[in-house]
Every structure is written in structure tokens, then in C-alpha cells.
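Welcome! Here is a short briefing to help you find your way around a structure you have not met before. Take a look at the picture, then read on.

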Amino acid sequence: MRPTAIRSDGMPGPKTYNSWWGDTSNLKQRGIITYTVSPFRQRGSKEIFQGWLFNGYRRIASQVPYWIVPFAIAYGTYTWAKRYDAWQNSKAGHLALYGSH
């Protein structure tokens with residue numbers, strides 16, 4: 001009579017290539033690159049205000065040509081509409097448009 005075979009729980013043994021989830025102690029992996037930041041370079045808030053003052057001003061100033069033209073057009077349209085509306089609701093506007101008040 002043969003003894004019953006040991007039931008495997010699905011975990012690979014020592015002679016298989018694939019290791020179990022996260023277990024990389026048996027095999028030397030190739031092609032995995034790990035990057036780290038030096039602890040001396042991890043000061044995130046060092047000179048944050050000085051960097052923002054100069055670099056932030058430079059970045060905002062480089063974007064001015066892209067937003068100043070639409071802003072000027074929108075502001076000009078707004079002021080024209082406010083003046084035209086005030087004129088239409090005035091006595092002179094009523095006389096000019098409708099001929100009577």
C-alpha cells in the first residue's frame with residue numbers, strides 16, 4: 001500500500017522558477033531598476049518662497065501674452081455694454097431711438 005500524496009497548497013516549491021507573491025529572496029531578478037532620492041535632497045520646503053518669488057514670477061510673466069489679449073477684449077466688451085445700456089435707459093437714448101420719451 002502506498003502512502004497518500006501530500007496535498008499541495010498551491011505555493012511553488014524550491015525547484016520552480018516562479019516565486020510566490022512578493023518573495024524575491026530565492027531568485028536574482030534582472031531588469032528591475034529602483035530609483036531613490038538622496039536624504040540630503042529631500043528637503044521639499046527649502047527656499048520655497050525664494051524659488052516661487054523668482055521662478056513663479058518668470059512663469060507668470062511668460063504667460064501674460066496668452067491671457068492679456070482675451071482679458072482686454074472681454075473688459076472692453078463689458079465696459080461698452082454697460083455704457084450702451086446706460087445710454088439706452090437715459091432720456092437721450094429714448095429720444096434718439098424712439099423719438100419720444
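Helices here are DSSP runs of type H or I with at least four residues, strands are E runs of at least two, and both are numbered from the N terminus. By that count, the protein chain has 2 helices and 0 strands. Please keep in mind that this is a predicted model.

**The chain as a whole**
- Buried residues account for 2% of the 101 residues in the protein chain.
- About 10600 Å² of the protein chain is exposed, and carbon and sulfur atoms supply 61% of that area.

**Aromatic rings**
- You can look for 3 aromatic pairs in the structure.
- One pair joins Phe71 and Tyr75: their ring centres lie 6.5 Å apart and their planes meet at 15°, and because planes under 30 degrees apart count as stacked, this pair is stacked.
- Phe71 and Tyr75 both sit in helix 1 (residues 48-88), 4 residues apart, so about one helical turn separates them.
- Phe71 is exposed, and Tyr75 is exposed too.
- Trp80, Tyr84 and Trp87 are linked by ring pairs into a cluster.

**A nonpolar patch on the surface**
- Phe71 and Tyr75 turn up again here, in a nonpolar surface patch with Trp67, Ile68, Val69, Ile73 and Tyr78.
- Together, the residues of this patch have about 770 Å² of accessible area.
- Ile68, one of the patch members, is located in helix 1.
- With a relative accessible area of 37%, Ile68 is partly exposed, because that value falls between the 20% limit for buried and the 50% limit for exposed.

**A polar contact in helix 1**
- Asn55 is another residue to find in helix 1.
- The side chain of Asn55 makes a polar contact of 2.5 Å with the side chain of Arg58.
- Asn55 has 35% relative accessibility, so this residue counts as partly exposed.

**A buried glycine in helix 2**
- Gly93 belongs to helix 2, which covers residues 91-98.
- At 0% relative accessibility, Gly93 is under the 20% cut-off and therefore counts as buried.
- Leaving aside residues up to four places away in sequence, Gly93 touches Trp87 and Gln88.
- Trp87 is thus a residue to look at twice, as a contact of Gly93 and as a member of the cluster with Trp80 and Tyr84.

Terms used. Residues numbered from 1 in each chain as written. Predicted model: local features only at pLDDT ≥ 70, side-chain atom pairs only at ≥ 80, totals over all residues. Heavy atoms only, no water. Phe/Tyr/Trp six-rings, centres within 6.5 Å; stacked < 30°, edge-to-face > 60°. Buried < 20%, exposed > 50% of the residue type's maximum accessible area, 1.4 Å probe, protein only. Polar contact = N/O pair within 3.5 Å; in protein donor to acceptor, adjacent residues only side chain to side chain. Patch = residues over 30% accessible without salt bridge, like charges linked within 9 Å, V, L, I, M, F, W, Y side chains within 5 Å. Areas by Shrake-Rupley, 256 points an atom, 1.4 Å probe, with all protein chains shown as cover. Salt bridge = Lys/Arg side-chain N within 4 Å of Asp/Glu carboxyl O. Contact = heavy atoms within 4.5 Å.
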